[in-house]
Amino acid sequence: MTQFTLYDYVLSGNCYKIRLMAGLLGVAYYTVPVDFYPGHEHRSEPMLALNPSGTLPVLVADDLVLSETQSMLGWLATTFDRSGTWYPVSDANLHAQVLQWLGFSARLTASVGAARLNAMLDWPVDVRAVRAASRKDLDELELLLTDRVFSGRTWLVGEGPTIADIACFPYAALSPDAGFEHDGYPAIRNWLYAVRSLPGFVTMPGIHPLHELREDTHDG
Ligand SMILES: N[C@@H](CCC(=O)N[C@@H](CS)C(=O)NCC(=O)O)C(=O)O
């Protein structure tokens with residue numbers, strides 16, 4: 001049985017991509033918590049020896065060390081998804097579309113992810129630039145998802161969820177942390193709901209599980 005270790009920080013949307021994918025695939029793993037804030041442990045000597053880029057998450061499986069979430073999602077799906085649907089590499093068009101969205105997810109990380117780190121932890125970023133890029137990226141996501149809805153689709157690629165959805169979900173879902181509410185984004189809201197409805201879905205601070213939003217769970 002393949003095992004892996006995730007160097008993890010609970011408030012990181014990037015680390016959450018991997019926790020979420022593992023949850024959806026029903027895969028157990030080891031966790032090493034890293035004190036990203038306030039300790040900046042991701043830039044400590046041992047962590048830089050493991051991942052010279054000084055970022056989280058880091059995934060280690062025997063002598064495989066991955067520091068890019070896109071490669072981690074691909075590895076998880078290829079290793080643990082027997083159905084082959086989460087990462088459809090045997091269909092050239094679907095595969096290319098997944099890769100296209102993984103590229104988009106990196107943009108969301110650089111825009112909304114950075115704006116969120118600044119809003120929550122006062123991270124030093126070019127605030128004006130990342131906020132403008134966040135708005136642009138969320139608007140683009142809304143447009144592309146609206147197109148999908150018009151063609152009767154729920155997911156970013158093909159007919160079912162793929163690693164593309166999981167790569168893009170966290171920073172779209174967490175954008176209110178950076179002040180970008182979902183009110184003006186109905187297509188994004190519906191897609192977030194679909195992801196949150198998947199069996200095995202796990203949450204993180206800032207993302208409510210569906211049952212918390214249902215009326216019948218409220219007191220009085
Ligand atoms: N290219 C990486 C980026 C991951 C990333 O930006 N992680 C943030 C935490 S959510 C980080 O470690 N930032 C380090 C820093 O800003 O010092 C990936 O997509 O996995």
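Which residues does Ala164 touch, not counting residues up to four places away in sequence? Ala164 touches Val98, Trp101, Leu102, Leu156 and Val157. The views described below are taken from a predicted model.

**View 1. Surroundings of Ala164 in helix H6.**
Ala164 is found in helix H6. With residues up to four places away in sequence left out, the contacts of Ala164 are Val98, Trp101, Leu102, Leu156 and Val157. There are 27 other C-beta atoms within 10 Å of Ala164, so this residue counts as buried, the cut-off being 20 or more. Thr109 is 55 residues apart from Ala164 along the chain, and the C-alpha atoms of the two are separated by 13 Å. Thr109 is also among the residues around the ligand, which are the subject of View 4.

**View 2. The largest nonpolar core.**
The largest nonpolar core has 54 residues, and those that touch the most other members are Met21, Ile163 and Ala164. At least two residues of this core are supplied by each of strand S1 (5–8), H1, S3, H3, H4, helix H5 (127–150), H6 and helix H7 (186–196). H6 gives the most, with 9 residues. This core lies between domain 1 (5–80) and domain 2 (92–196), because both domains give residues to it. In soluble globular proteins, nonpolar side chains tend to be buried together.

**View 3. The two domains and the side of domain 1 that touches domain 2.**
The protein chain is divided into domain 1, residues 5–80, and domain 2, residues 92–196. Their C-alpha centres lie 20 Å apart. Contacts between the domains involve 12 residues of domain 1 and 12 residues of domain 2. On the side of domain 1 that touches domain 2, the elements giving two or more residues are H1 and H3. H1 gives the most to this side, with 6 residues. Sorted by class, this side of domain 1 has 6 nonpolar, 5 polar and 1 charged residues.

**View 4. The shell around the ligand.**
Which residues are around the ligand? They are Ser12, Gly13, Asn14, His42, Gly54, Thr55, Leu56, Glu68, Thr69, Ala106, Thr109 and Gly113. By class, the shell has 2 nonpolar, 9 polar and 1 charged residues. Helix H1 (13–25) and helix H4 (92–121) each supply at least two residues of the shell. The largest share, 3 residues, comes from H4. Why does the shell around the ligand lie between domain 1 and domain 2? Domain 1 (5–80) and domain 2 (92–196) both give residues to the shell, so it lies between them.

**View 5. Helix H3 and what covers it.**
Helix H3 runs over residues 69–80 and has 12 residues. From its first C-alpha to its last, H3 reaches 16 Å, close to the 16 Å expected at 1.5 Å a residue. The buried residues of H3 are Thr69, Gln70, Met72, Leu73, Gly74, Trp75, Leu76 and Ala77. One of them, Thr69, also belongs to the residues around the ligand. The cover over the buried residues of H3 includes H1, H4, strand S3 (58–61), strand S4 (64–66) and helix H6 (163–173).

**View 6. The loop between S2 and H2.**
Pro38 lies in the loop between strand S2 (30–33) and helix H2 (45–50). A cis peptide bond joins Tyr37 and Pro38, with omega about 5 degrees. His40 is found in the loop between S2 and H2 as well. Although His40 is not a glycine, its phi is positive, at about 50 degrees. Is His40 buried or exposed? His40 counts as exposed, because it has 12 C-beta neighbours inside 10 Å and the class takes in residues with 12 or fewer.

**View 7. The loops on either side of strand S3.**
The loop between H2 and S3 holds Pro57. The peptide bond from Leu56 to Pro57 is cis, and its omega is near 0 degrees. Leu56 is one of the residues around the ligand. Asp62 lies in the loop between S3 and S4. The phi of Asp62 is near 50 degrees, a positive value in a residue other than glycine. Asp62 has 8 other C-beta atoms within 10 Å and is therefore exposed.

Notes
Residues numbered from 1 in each chain as written. Predicted model: local features only at pLDDT ≥ 70, side-chain atom pairs only at ≥ 80, totals over all residues. Near = placed C-beta within 6 Å. Helix = DSSP H or I, 4+ residues; strand = E, 2+ residues; numbered from the N terminus. Nonpolar A, V, L, I, M, F, W, Y, C, P; charged D, E, K, R; others polar. Domains from an automatic or database assignment. Expected span 1.5 Å × (residues − 1). Contact = placed C-beta atoms within 7 Å. Core = buried A, V, L, I, M, F, W, Y, C linked by C-beta atoms within 7 Å.
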